[in-house]
Amino acid sequence: MAAAVDVAAYRDVLIILGTTAITVPILRRFGISPVLGFLGIGTLVGPSALGRLSETFPLLRWVTVSDSTQISVFAELGVVFLLFLIGLELSYERLTRLKKLVLGLGSAQVVLTTTIIAFAAWWLGRPVAAAILIGGALALSSTAVVVEQLAEQKRLATTTGRTSFAILLMQDLAVIPLLFLVSALATRGEGSVAFGLLIAVAQGALAIALVVFIGRLVLRPFLRLVASADEPEVFMAAAVLIAIGTGVVTAMFGVSMALGAFVAGLLLAETEYRRAVEATLEPFKGILLGAFFFSVGLSIDLSLIIAWPTLFFLALVTLIAVKIAVLVPLIRAFGQSWLVAIRTALLLGPAGEFAFVTMGLATASGVVAPQTGAFITTLTAFSMATVPWLDRIGDMLARRQQAKVAPDPELAVAPPPPSAKRVIVVGYGRVGQLVCEMLARHKVPFVAVDKDAREIADLRRAGHAVYFGDANNRAFLDMCGIRDASALVLTLHTAGALDEIATLAKSINPDLTVIARARDADHAKRLYKLGVTDAVPETIEASLQLSEAVLFDLGVPAGLVIASVHERRDVFRKELQEAGVDESRVQHAVRSRTTL
């Protein structure tokens, strides 16, 4: 006879899985960050919300968490994986590329904000040790929410995105000394903070030295051996082992597991297996971080807000205002515009997820009083929820600023009158500029257009014959002479915009020759289906050029190499054209049957 299953023992885990599988997709549809979703749902089903009613309404026990200790293991692993993946992202290349903003602006922000908030906490009666940790915790912003917000709006490559990312990068680095500080203040006993810090640093340095020594000696050969097995599940097990194993090693020395995982990530970032490990751990990261934020939501005490609503609201507004007041002048001092400074400061004004980690460790070690830790945790969660709203304020300010700015006279210059057999080049980035250069060298008449106002104004002042306008506008294409043009060249990197312009151009001039840049083979097939004459996939062209260079360097005769590369290119083109035509016929047949 089968043993009876204690369903209640699985209830809390099922709630987390249900939150991940059901709630997160719904929240994404409404544009709500999954991080904020996990925090909100954790609060809702926690002891300070529905949990209070579970005694009165027994059915609520099936949707409320009764024992958060079961989730705490998942939450701790979530923090370990978060720090491990941050270590993977902190490559030397990234740091050097943004070193001025990371080391200069980021460091200044962390130090100044920590000092101001720590002094305020001490002035309000917190002990020095607790005030320092509160200042350090609240000085950091939410990498998870801010990066996701920027990525969804495709703003990571903008000036605001790069500035925000650089500051967040430094804040991620600042987590490590903050974790050291927690250990130091926890082990100081009756002695001085300096003595405790010295002991903690010595322990941490020994643990990190051991991890680095073993990692450099063993890590690459170990991953090479695992990768040679060509078994995805074996590689996954090895990646998890590295992330958790290094954390366990540092924990044995009295240092947090998160710190060990971070160091392991840094070591892996310099190997050729970095991307493979990152992709392998991505599914684990999602569910474990979800468990972490869910557990934080459980610890949010709504009774604190009910008891002191004015104090809580004042603390929330003051925290964001202080961080913005620090960030705006600093960002301006590093050469960014007022608009970039304000938009970046609005994104980074709220606190971040590392306040949860710091306060959890500080409360557990007795450095911060439980009620104070609960207040900071609740304050952090509510501040993170304001990120989307603050970003909307920044967007409104940007729109008003753009409306006030007088149009640049360079943008008002219209394209020259249409001429027969002229080529229209849409997109004047690096690819478009090279195409125009080659057309000019062979004396082929052309007109180049782009809709990036700032770039076009600067390029025109630098002497480039490029014109501002939206090629997805029928009237503008007519102004450029689309009806009499010999060809249209599309060099845009955004697939959706490129497809729309190709469709519009062919509807105006069905006989027009259209040559388009394609992201990959699938995009090329789609373009051929739209009627494009030639689609040039970036991936295929890169592989052909690489093959050509290899054969040249190996001494194969140039004529044979060029002939074989051209032959292979023609084969690819024919296959993609036929695939695009076949797909178009199938879809046409399906539409016809549906109509009938």
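In the predicted model, E437 is partly exposed, with a relative accessible area of 43%. The side chain of E437 forms a salt bridge with that of R441, at an N to O distance of 3.7 Å. Both residues belong to helix α19, which spans residues 430-441, and because they are four residues apart, about one helical turn separates them. R441 has a relative accessibility of 57% and therefore counts as exposed, the cut-off being over 50%.

The pair formed by E437 and R441 is one of the salt bridges in the model, for which the count comes to six. Side chains of opposite charge can pair when their charged atoms come close. A salt bridge also joins R343 and D391, with 3.9 Å between N and O. R343 is located in helix α15 (residues 338-348) and D391 in helix α18 (residues 387-404), so this contact ties together parts that are 48 residues apart in sequence. Both R343 and D391 are buried. R343 forms a salt bridge with D395 as well, the closest N and O atoms lying 3.9 Å apart. Since D395 is in helix α18 and R343 in helix α15, the pair ties together parts that are 52 residues apart in sequence. The relative accessibility of R343 is 13%, which is under 20%, so R343 counts as buried. D395, at 29%, counts as partly exposed. R343, D391 and D395 are thus linked in a network of salt bridges.

The model also contains an open sheet of six strands, arranged in the order β3-β2-β1-β4-β5-β6 with parallel pairing. The edges are occupied by β3 (466-468) and β6 (534-537); each has a single partner strand, so one side of each is left without a neighbour in the sheet. From one strand to the next, the twist averages 20°. Strands of a sheet pair through backbone hydrogen bonds, either parallel or antiparallel. Four bridges in the parallel sense connect strand β1 (residues 423-426) with strand β2 (residues 446-450). Within this pairing, F446 of β2 is the residue opposite V423.

Helices lie across several of these strands. Helix α20, comprising residues 453-461, lies across β2 and β3 and runs at about 145° to β3. Helix α22, comprising residues 495-508, lies across β1, β4 (487-490) and β5 (513-518). The direction of helix α22 is at about 170° to β4.

Definitions and conventions:
Residues are numbered from 1 along each chain as its sequence is written. This is a predicted model: local features need pLDDT of at least 70, side-chain atom pairs count only at pLDDT 80 or more; totals for chains, interfaces and linings use all residues. Side-chain values use heavy atoms; hydrogens and water are left out. A salt bridge is a side-chain nitrogen of Lys or Arg within 4 Å of a carboxyl oxygen of Asp or Glu. Helices (H or I, at least four residues) and strands (E, at least two) are DSSP runs, numbered from the N terminus. Buried means under 20% relative accessible area, exposed over 50%, partly exposed in between (1.4 Å probe, protein chains only). Two strands pair if DSSP finds at least two bridges between them. Axes are lines fitted to C-alpha atoms, for helices over the stretch in contact, and angles run from 0 to 180 degrees between N-to-C directions. Contact means heavy atoms within 4.5 Å.
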